[in-house]
Amino acid sequence: MKLAITFLMLWVGLILEATLFQIPPMNVVHPGFVLVLLVLIALMRGPNTAVVMAVMIGLVEDISYGSFIGLNAFSYGLVAYFSGAVFGQFLHRNLAVTFIDTLIMTFMYTWITYGLTRLFDVTADRPMFVLQQSLITMMINGLLVLMLYPLVTKLFSQGKRNRYDISGSDV
């Protein structure tokens, strides 16, 4: 059930990115809802769940809006794995670690997608332009994670369990 809610959140994030933030005057800001949610999922649910969700939503994005299939699926998957595996070792319910993780993963995602599109000669952007865009995106995603963190933490937090719960489920 929580996996369905997780994918639905990613889907809504993708829809917001592709619709609302493409219309003027909102198109000045490009928040990465999907990327921020993937980082939060990786920290809250672990790298395995995050990678599966990342590849699924990445393929949906590639098929719907991408220049070639596999770019976002691979990039999101890699970012989700590193976010959960590396930063999951720290206190994953810590806002500061989540904020820093989001900034680093946004930078990493931007450069992975740039490197792959440059490798396959799909873009002619210069590295200086990509650096500027990645820094702007890092600031926007940093603000976005500060807004989404309480909601996602509440959604993924496990309810209080009885000390002697006989059901034995680790939901």
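**Exercise 1. Follow Ile41 into its helix**

In which helix is the place of Ile41, and is Ile41 buried or exposed?

*Solution.* Start with the address: Ile41 sits in helix H2. Keep in mind as you work that this is a predicted model.

Next, look at accessibility. A residue is buried when its relative accessible area is under 20%. Ile41 has 0% relative accessibility, so it counts as buried.

Now list its partners, leaving aside neighbours within four places in sequence. Ile41 is in contact with Thr6, Leu10, Gly46, Thr49, Ala50 and Phe156.

Finally, compare sequence with space. Ile41 and Ala80 are 39 residues apart in sequence, yet their C-alpha atoms are 8.2 Å apart.

**Exercise 2. Check the length and surroundings of H2**

Work out what span H2 should have, and find how many of its residues are buried.

*Solution.* First, the length. The expected span is 1.5 Å times one less than the number of residues. For the 13 residues of H2 that gives 18 Å, and the end C-alpha atoms lie 17 Å apart, which agrees.

Second, the burial. Phe33, Val34, Leu35 and Val36 are among the buried residues of H2, and so are Ala42, Leu43 and Met44. In total, twelve of the 13 residues are buried, so H2 is largely enclosed by the rest of the structure.

Third, the neighbours. The buried residues of H2 pack against H1, H3, H4, H5 and H6.

Last, step just past the end of H2: there Gly46 takes a positive phi of about 105 degrees.

**Exercise 3. Repeat the check for H4**

What span should the 16 residues of H4 have, and what covers its buried residues?

*Solution.* Use the rule again. At 1.5 Å a residue, H4 should span 22 Å; its end C-alpha atoms are 22 Å apart, so the two values agree.

Then pick out the buried residues, which include Leu71, Asn72, Tyr76, Val79 and Ala80. Their cover includes helix H2 (33–45), H3 and H5.

**Exercise 4. Place Thr110**

Is Thr110 buried or exposed, and which residues is it in contact with beyond four places in sequence?

*Solution.* Thr110 belongs to helix H5. Its relative accessibility is 15%, which is why it counts as buried. Leaving aside neighbours within four places in sequence, Thr110 is in contact with Val130 and Ser134.

**Exercise 5. Explore the largest pocket**

How many residues line the largest pocket, and which helix supplies the largest share?

*Solution.* Begin with the volume, about 1000 Å³. The lining has 34 residues, and His30, Glu61, Asn72, Tyr109 and Thr113 lie nearest the centre of the pocket.

Now sort the lining by helix. H1 (2–18), H3 (47–65), H4 (71–86), H5 (95–119) and H6 (127–156) each supply at least two residues. The largest share, eight residues, comes from H6.

Then sort by class: 16 lining residues are nonpolar, 14 are polar and four are charged.

**Exercise 6. Step back to the whole chain**

How many helices and strands does the chain have, and how does its radius of gyration fit the globule rule?

*Solution.* Count the elements: there are six helices and zero strands. Along the sequence, the pattern reads α-α-α-α-α-α. The radius of gyration is 17 Å, close to the 16 Å from the globule rule for 171 residues, so the chain is as compact as a globular protein of that length.

Add the outline: the C-alpha atoms fill a box of roughly 60 × 30 × 30 Å along the principal axes. Of the 171 residues, 41% are buried. To finish, consider contacts between residues at least 6 apart in sequence: 66% of them join residues at least 24 apart.

Key. Residues numbered from 1 in each chain as written. Predicted model: local features only at pLDDT ≥ 70, side-chain atom pairs only at ≥ 80, totals over all residues. Heavy atoms only, no water. 1 Å grid on protein atoms, 1.4 Å probe; cavity = no way out; pocket = protein on both sides within 12 Å on 5 of 7 lines; lining within 4 Å. Points joined across faces, edges and corners; volume = space filled by probe spheres on them. Helix = DSSP H or I, 4+ residues; strand = E, 2+ residues; numbered from the N terminus. Nonpolar A, V, L, I, M, F, W, Y, C, P; charged D, E, K, R; others polar. Buried < 20%, exposed > 50% of the residue type's maximum accessible area, 1.4 Å probe, protein only. Contact = heavy atoms within 4.5 Å. Rg over C-alpha atoms; globule rule 2.2 N^0.38 Å.
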